[in-house]
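Here is a brief report on one protein model. Have the sequence and the structure at hand while reading.

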Amino acid sequence: MNFHYDYLIVGAGLFGATFAYYARLAGKRCLVIDKRPHAGGNVYCENIEGINVHKYGAHIFHTSDKKVWDFVNSIVEFNRYTNSPIANYKGKLYNLPFNMNTFYQIWGVTTPAEAIAKIEIQKAEAIARMKADGVNKPRNLEEQALILIGRDIYEILIKGYTEKQWGRKCT
């Protein structure tokens, strides 16, 4: 038996499946192959006792493009979801990713210019400390973070998370 295909698509994840979908709409014949026994790539769900279980991790789809949102929902209905993580630092909750509300909680500032000024002061302090140690480039994650975002944001939002991930204090 001899089959003719216009396209051979390797991988049935989001890109491969979307390409095959559009090619088929254009009247093309596609052969889609994948090492896994299912389509969808990492967004595949298994139905276990009536519950869709994310086999490869949580699926969170973000877009502000209505055309893209309408397209994906024409194939499968997505739930509206806003990922709103928070950081708990010494019993106080902070928004992540950090934003003006976070800066207001930390410093009491109400404008981006005020927040930038606070960050710039702390960045300069970190650079001065490194130079006093005879160092021109960051030697570790902490020093890199301090020259990018300053001490307060690093201590409150980054350091504790990093310590939890590694199970020990960062030095």
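## Burial and overall form

This is a predicted model. Of its 171 residues, 23% count as buried. The radius of gyration is 24 Å, whereas a compact globule of 171 residues would have one near 16 Å. Along the principal axes, the C-alpha atoms fill a box of roughly 75 × 35 × 35 Å.

Take the contacts with a separation of 6 or more. Residues 24 or more positions apart account for 30% of them.

## Secondary structure

The protein has six helices and six strands. Their order along the sequence is β-α-β-β-β-α-β-β-α-α-α-α. The pattern thus begins with a strand and ends with four helices in a row.

## Surface and charge

About 12,700 Å² of the protein is exposed. Carbon and sulfur atoms supply 56% of that area.

There are 22 positive and 16 negative side chains. The centres of these two sets lie 3 Å apart.

## Asn42 and its surroundings

Asn42 sits in the loop between strand 2 (30-33) and strand 3 (45-48). Is Asn42 buried, partly exposed or exposed? Its relative accessibility is 49%, so Asn42 counts as partly exposed. The cut-off for exposed is over 50%.

Which residues does Asn42 touch, leaving aside those up to four places away in sequence? They are Arg36, Tyr56 and His59. With Arg36 there is also a polar contact, side chain to side chain, at 2.9 Å. Pro112 offers a reference point elsewhere in the chain: Asn42 and Pro112 are 70 residues apart in sequence. Their C-alpha atoms are 38 Å apart in space.

## Two loop residues with positive phi

Glu49 lies in the loop between strand 3 and strand 4 (51-54). Its phi is near 50 degrees, a positive value in a residue other than glycine. Glu49 has a relative accessible area of 82%, so Glu49 is exposed.

Lys90 is found in the loop between strand 5 (86-89) and strand 6. Lys90 is not a glycine, yet its phi is positive, at about 50 degrees. Why does Lys90 count as exposed? Because its relative accessible area is 73%, and exposed means over 50%.

## A cis peptide bond

The peptide bond from Leu96 to Pro97 is cis. Its omega is near -10 degrees. Pro97 belongs to the loop between strand 6 (92-95) and helix 3 (100-107).

## Asp133, between two helices

Where is Asp133? Asp133 is in the loop between helix 4 (112-132) and helix 5 (141-149). Asp133 is exposed, because its relative accessible area is 54% and the cut-off is over 50%.

Asp133 and Arg151 are 18 residues apart in sequence. In space, the C-alpha atoms of Asp133 and Arg151 are 17 Å apart.

Methods:
Residues are numbered from 1 along each chain as its sequence is written. This is a predicted model: local features need pLDDT of at least 70, side-chain atom pairs count only at pLDDT 80 or more; totals for chains, interfaces and linings use all residues. Side-chain values use heavy atoms; hydrogens and water are left out. Buried means under 20% relative accessible area, exposed over 50%, partly exposed in between (1.4 Å probe, protein chains only). Contact means heavy atoms within 4.5 Å. A polar contact is a pair of N or O atoms within 3.5 Å; within protein, one must be able to donate a hydrogen and the other to accept it, and residues adjacent in sequence count only if both atoms are side-chain atoms. The radius of gyration is taken over C-alpha atoms; the globule rule is 2.2 Å times the number of residues to the power 0.38. Accessible areas come from the Shrake-Rupley method with a 1.4 Å probe; for residues, only the protein chains shown count as cover. Lys and Arg count as positive and Asp and Glu as negative; His and the chain ends are not counted. The place of a charge is taken as NZ of Lys, CZ of Arg, CG of Asp or CD of Glu.
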